[in-house]
Amino acid sequence: MILVTGGAGFIGANFVLDWLSASDEPVLNVDKLTYAGNLRTLKSLQGNLRHVFVRADICDQAALDALFAQYKPRAVLHFAAESHVDRSIHGPADFVQTNVFGTFALLEAARSFWNTLNDADKGAFRFLHVSTDEVFGSLSAADPQFSETTPYAPNSPYSATKAASDHFVRAYHHTYGLPVLTTNCSNNYGPYQFPEKLIPLIIANALGDKPLPVYGDGQNVRDWLYVGDHCSAIREVLARGLPGETYNVGGWNEKKNLEVVHALCDLLDELRPKKAGSYRDQITYVTDRPGHDRRYAIDARKLERELGWKPTQTFETGMAKTARWYLDNQEWVAEVASGNYREWVETNYAKRA
C-alpha cells in the first residue's frame, strides 16, 4: 500500500485516480478536506476496496503515527499543501502551518515508522515530496531554465514555505538516512483543478460572461505541465529515482499568461461560441499581484536522461483536453465554486480592476 497526502486536491486526486486505474496496489488517501479538497473528484472510487480514504490533518502527528502503524505503507507521496500564491499573500500563516509544520510532522511520523522496519523494508521504503519550481525564484528572459542545482530564491510566502519543506526533506535524508525523493514541477493544469487558478478561472468566467482578469501586462511566463504527465513522472521517480535526489518535472511549454488566456478564448470560441463576438472581448487587465515573479522555466533533462521520462502532451493537446473536460463537467465546477470560493474571488480581485 502507498500513502498519499492531499489526495482529494487537484494533483493528488489525479494521481490517485491514475494510480488505481493502472495498478492493483491500494492507496491510503489522507486529506484534511480544506476548501480545495473535494471528495466529488473521487466519486468514481466509491466502493473500491483499494481506495481507503481518511480525513486527517497532516499536522496531527499522533493521527499520522496511528495510520502508519495500522496500514504500514511502503511509500509516502506527499502532495498536501497550501498552494495559491495570492492566498499566501493575504494569509501566510496557513501556509507556514501546512507546508512547513505539516511536512515536518509527516517526516517525523514516517521516520518513526521507518525505524521499525527490517533492513530490506527500510531499503525499499520511499518518501516522495512533491514541490514546485517557484522555490527557485524568478528568471529574466535571457536566463537559463531552472535545473536541479539552481539556488533557492523564493519570493512569495507560498514559495518560501515550500522551500522550507524541501530543505526539511533533504535534511531528513542526510541526517537520518530516510530514503526521500523530491520533485519540483512547473505549473500544472488539467481536470479537477480548483477554479482559483488561471486556466479554470478563465474558463469559468468566460462561460459566465464575466471579466477575464489578467495580471499586469500579461507577459509573465510560466512552463505549463499537463497533470496527467506529472502523474506519470511521479510514478517513474517513485519506481526508479535514487534516494536523496531531486528531479525537475516540466512540460517544455513556456507561455506568457496572455498567450494562455488567448489560447483558451480561441478554444472556447470554437467549442462553445458566443452569440456575438469573441471571448477575448472579456479580457480585463487588473493590478498585478505584489512581487509577481516574471518568468519560471524548467529544465527537465535529468528526468529524461536518467529515468526516460518526457511529457506526452503538447500545450495545444493538453489545453484542448482541459477545455473539453471543463465544458463537460460544469456540475463539478458549480459544486466546488462554493460560497467560500466566491468570497475569496471578491477579496482577491475586487480592488484590482
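The paragraphs below describe the sheets, nonpolar cores, aromatic pairs and selected glycine and cysteine residues of this structure, which is a predicted model.

A good place to start is the seven-stranded open sheet, in which the strands follow the order β3-β2-β1-β4-β5-β6-β10 and the pairing is parallel. At its edges stand β3 and β10, each with a single partner strand, so one side of each has no neighbour in the sheet. On average, neighbouring strands here are turned by 20° against each other, direction ignored. Within the sheet, four bridges join β1 and β2 in the parallel sense, and isoleucine 2 stands opposite valine 27 in β2. Two helices may be followed across these strands. Helix α6 lies across β5 and β6 and runs at about 155° to β5, while α8 lies across β4, β5, β6 and β10, at about 145° to β5.

Several of these elements meet again in the largest nonpolar core, which has 34 residues. The residues with the most contacts inside this core are Ile2, Val4, Phe15, Leu77, Phe79, Leu128 and Leu303. Two or more residues each come from β1 (2–5), α1 (10–22), β4 (75–78), β5 (126–132), β6 (180–185), α8 (227–240), β10 (246–249) and α10 (301–307). The element that gives the most is α1, with eight residues. Leucine 77 offers a helpful view of the packing: leaving out residues up to four places away in sequence, leucine 77 touches Ile2, Leu3, Val4, Thr5, Phe15, Leu128, Ile234 and Leu238. There is also a second, separate core of 29 residues, and Phe194, Leu258, Phe315 and Ala323 are among them.

Attention can now turn to another sheet. Three strands form an open sheet in the order β7-β9-β11, with mixed pairing. Its edge strands, β7 (187–189) and β11 (254–256), each pair on one side only. Neighbouring strands of this sheet are turned by 50° against each other on average, again with direction ignored. Strand β9 (residues 221–226) and β11 run antiparallel and are joined by three bridges; arginine 222 stands opposite lysine 255 in β11. Helix α9 (residues 257–271) packs on the sheet, where the helix touches β9 and β11, and its direction makes about 85° with that of β11.

Aromatic side chains deserve a paragraph of their own. The whole structure contains 17 aromatic pairs. In one of them, phenylalanine 68 and phenylalanine 113 have ring centres 5.4 Å apart and planes at 35°, so the pair counts as tilted. Because phenylalanine 68 lies in helix α2 (residues 61–71) and phenylalanine 113 in helix α4 (residues 92–114), this pair ties together parts that are 45 residues apart in sequence. Both phenylalanine 68 and phenylalanine 113 are buried. Another tilted pair is made by phenylalanine 146 and tyrosine 296, with 6.3 Å from centre to centre and 45° between the planes. The link here is between distant parts of the chain, 150 residues apart: phenylalanine 146 is in the loop between β5 and α6 (157–176), and tyrosine 296 is in the loop between β12 (283–286) and α10. Phenylalanine 146 and tyrosine 296 are both buried, and together with Phe136 and Tyr152 they form one aromatic cluster.

Two glycines add local detail. Glycine 37 is placed in the loop between β2 (27–31) and β3 (51–55). With 18% relative accessibility, glycine 37 counts as buried, because the cut-off for that class is under 20%. Apart from neighbours within four places in sequence, glycine 37 is in contact with Ala8, Gly9 and Asp31. The C-alpha atoms of glycine 37 and glycine 6 are separated by 7.5 Å, although their positions lie 31 residues apart along the chain as a sequence separation. Glycine 228, in contrast, belongs to helix α8 and counts as partly exposed, at 31% relative accessibility. Its C-alpha atom is 8.9 Å from that of tyrosine 189, at a separation of 39 residues along the chain.

Finally, the cysteines: the structure holds zero disulfides. For cysteine 185, the nearest cysteine sulfur is that of cysteine 231, 10 Å away. Cysteine 185 counts as buried at 6% relative accessibility, and cysteine 265 likewise counts as buried, at 0%.

Methods
Residues are numbered from 1 along each chain as its sequence is written. This is a predicted model: local features need pLDDT of at least 70, side-chain atom pairs count only at pLDDT 80 or more; totals for chains, interfaces and linings use all residues. Side-chain values use heavy atoms; hydrogens and water are left out. A nonpolar core is a set of buried Ala, Val, Leu, Ile, Met, Phe, Trp, Tyr and Cys residues joined through side-chain atoms within 4.5 Å. Buried means under 20% relative accessible area, exposed over 50%, partly exposed in between (1.4 Å probe, protein chains only). Contact means heavy atoms within 4.5 Å. Two strands pair if DSSP finds at least two bridges between them. Axes are lines fitted to C-alpha atoms, for helices over the stretch in contact, and angles run from 0 to 180 degrees between N-to-C directions. A disulfide is a pair of cysteine sulfur atoms within 2.5 Å. Rings of Phe, Tyr and Trp (its six-membered ring) pair if their centres lie within 6.5 Å; planes under 30 degrees apart count as stacked, over 60 as edge-to-face and the rest as tilted.
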